[in-house]
Amino acid sequence: MSLTRRQVTLAAMTAAPLSFAATGTAHAGSGHRTRTLFIAGDSTAAQKYADAAPETGWGMALPFLLHKDRPVSNHAMNGRSSKSFVDEGLLDVILGAIRPGDFLLIQFAHNDEKTADPARYTEPWTTYQDHLRLYIDGARARGARPVLATPVERRRFDTAGNARTTHGEYPAAMRALAEREDVALLDIQALSLSLWQELGVEESKKYFNWTETEQDNTHFNPPGAIAVARLVVRELLRTGVLAARDVCRLDDAIPESWITWPEAAA
């Protein structure tokens, strides 16, 4: 499947690293050179535009928690699976830009689960893992470090108020692949499920794209995106992918006003 003109434009826009502070040279005298975190993923992480506000991908909040020499290049895109992201050439865009020492964060499953859509569906223990290996191998071949992230959980509760898992075997398949391929794993599925449970049925609504006209239990608003970005950064620290000097504001309030939604390219 080929990229549309709009998809090419969006991919080019997201190829430029983003950070809250200006990016560029590393801190003078620190020896801490710039290393970019690329994101390959779906709508839960993706950049959102003015027509979608207040929907917010967690990748939009990530730069606020990282120092300027760890810029973010967010290539996540709505509706993509591990398979369709590759088939549409979006992984190629990343691999054309990534450099030795950079990182590639890989989060897919929401759309891999769509059994009725052959363009996106993958089977957890075979084709899902096969496609994830393309990201792992592509990053490593370019001297970059791949990092797998289990998919963030949807907001689902049973009648007793218990947060439910919704991703079937995909998180387990990713965990197994990470162990087999010796890739750092961010277990965002488990952590987000725990967070929704802690918040409860009503309070968790405040983290998702619940508006007067929409009750969305998959996509986030600014508080939800910021909360999930914190989970991602804490996991990057726990796994040793990043060091304490790489992050900032991890325990500070992030103003919702820092989240912005640019106009989409025509």
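This is a guided tour of one predicted protein model, stop by stop.

**Before you start**

Residue numbers count from 1 along each chain as its sequence is written. Because the model is predicted, local features are given only at pLDDT of at least 70 and side-chain atom pairs only at pLDDT 80 or more, while totals for chains, interfaces and linings use all residues; side-chain values use heavy atoms, with hydrogens and water left out.

**The whole chain**

Show the protein as a cartoon. There are eight helices and seven strands. Both kinds of element are DSSP runs numbered from the N terminus: helices are H or I with at least four residues, strands are E with at least two. Of the 266 residues, 52% are buried (under 20% relative accessible area with a 1.4 Å probe and protein chains only; over 50% is exposed, and in between is partly exposed). Switch on the surface: the protein exposes about 11400 Å², and carbon and sulfur atoms supply 51% of it (Shrake-Rupley method, 1.4 Å probe; for residues, only the protein chains shown count as cover).

**The five-stranded sheet**

Next, find the open sheet of five strands, which has the order 2-1-3-4-5 and parallel pairing (two strands pair if DSSP finds at least two bridges between them). Strand 2 (72-74) and strand 5 (184-186) stand at the edges with a single partner strand each, so one side of each has no neighbour in the sheet. On average, neighbouring strands are turned by 25° against each other, direction ignored (axes are lines fitted to C-alpha atoms, for helices over the stretch in contact, and angles run from 0 to 180 degrees between N-to-C directions).

Select strand 1, residues 37-41. Five of its five residues are buried. In a regular strand, side chains alternate between the two faces of the sheet. Here Leu37, Ile39 and Gly41 are buried on one side, and Phe38 and Ala40 on the other. Strand 1 pairs with strand 2 over three bridges and with strand 3 over five. Phe38 is a useful residue to click: Ser73 stands opposite in strand 2, and Leu104 is its bridge partner in strand 3.

Move on to strand 3 (residues 103-107), which four bridges join to the parallel strand 4 (residues 145-149). Leu105 stands opposite Val147 here.

**Helix 8 and the cores**

Select residues 222-238, which form helix 8. This helix lies across strands 1, 3, 4 and 5, running at about 150° to strand 5.

Which residues have the most contacts inside the largest nonpolar core? They are Trp58, Leu62, Leu105 and Leu236, in a core of 43 residues. Such a core is a set of buried Ala, Val, Leu, Ile, Met, Phe, Trp, Tyr and Cys residues joined through side-chain atoms within 4.5 Å. Helix 8 supplies the largest share, nine residues. Centre the view on Leu62: leaving aside neighbours within four places in sequence, Leu62 is in contact with Ile39, Val72, Ala229, Val232 and Val233 (contact means heavy atoms within 4.5 Å). A second, separate core has 27 residues, including Leu132, Leu148, Ala178 and Val183.

**Aromatic rings**

There are nine aromatic pairs. Rings of Phe, Tyr and Trp (its six-membered ring) pair if their centres lie within 6.5 Å; planes under 30 degrees apart count as stacked, over 60 as edge-to-face and the rest as tilted.

Select Phe85 and Tyr135. Their ring centres are 6.1 Å apart and their planes at 40°, so the pair is tilted. Phe85 lies in helix 3 (residues 82-87) and Tyr135 in helix 5 (residues 124-141), so the pair ties together parts 50 residues apart in sequence. Both residues are buried. Then select Trp196, Tyr207, Phe208 and Phe220, which ring pairs link into a cluster.

**Backbone details**

Most residues other than glycine have a negative phi, and most peptide bonds are trans. Three places to check follow.

- Ala53 and Pro54 are joined by a cis peptide bond, with omega about 10°; Pro54 lies in the loop between strand 1 and helix 2.
- Asp182, in the loop between helix 6 (170-181) and strand 5, has a positive phi near 55°. Its relative accessibility is 66%, so Asp182 counts as exposed.
- Arg249, in the segment after helix 8, has a positive phi of about 60°. At 26% relative accessibility, Arg249 counts as partly exposed.
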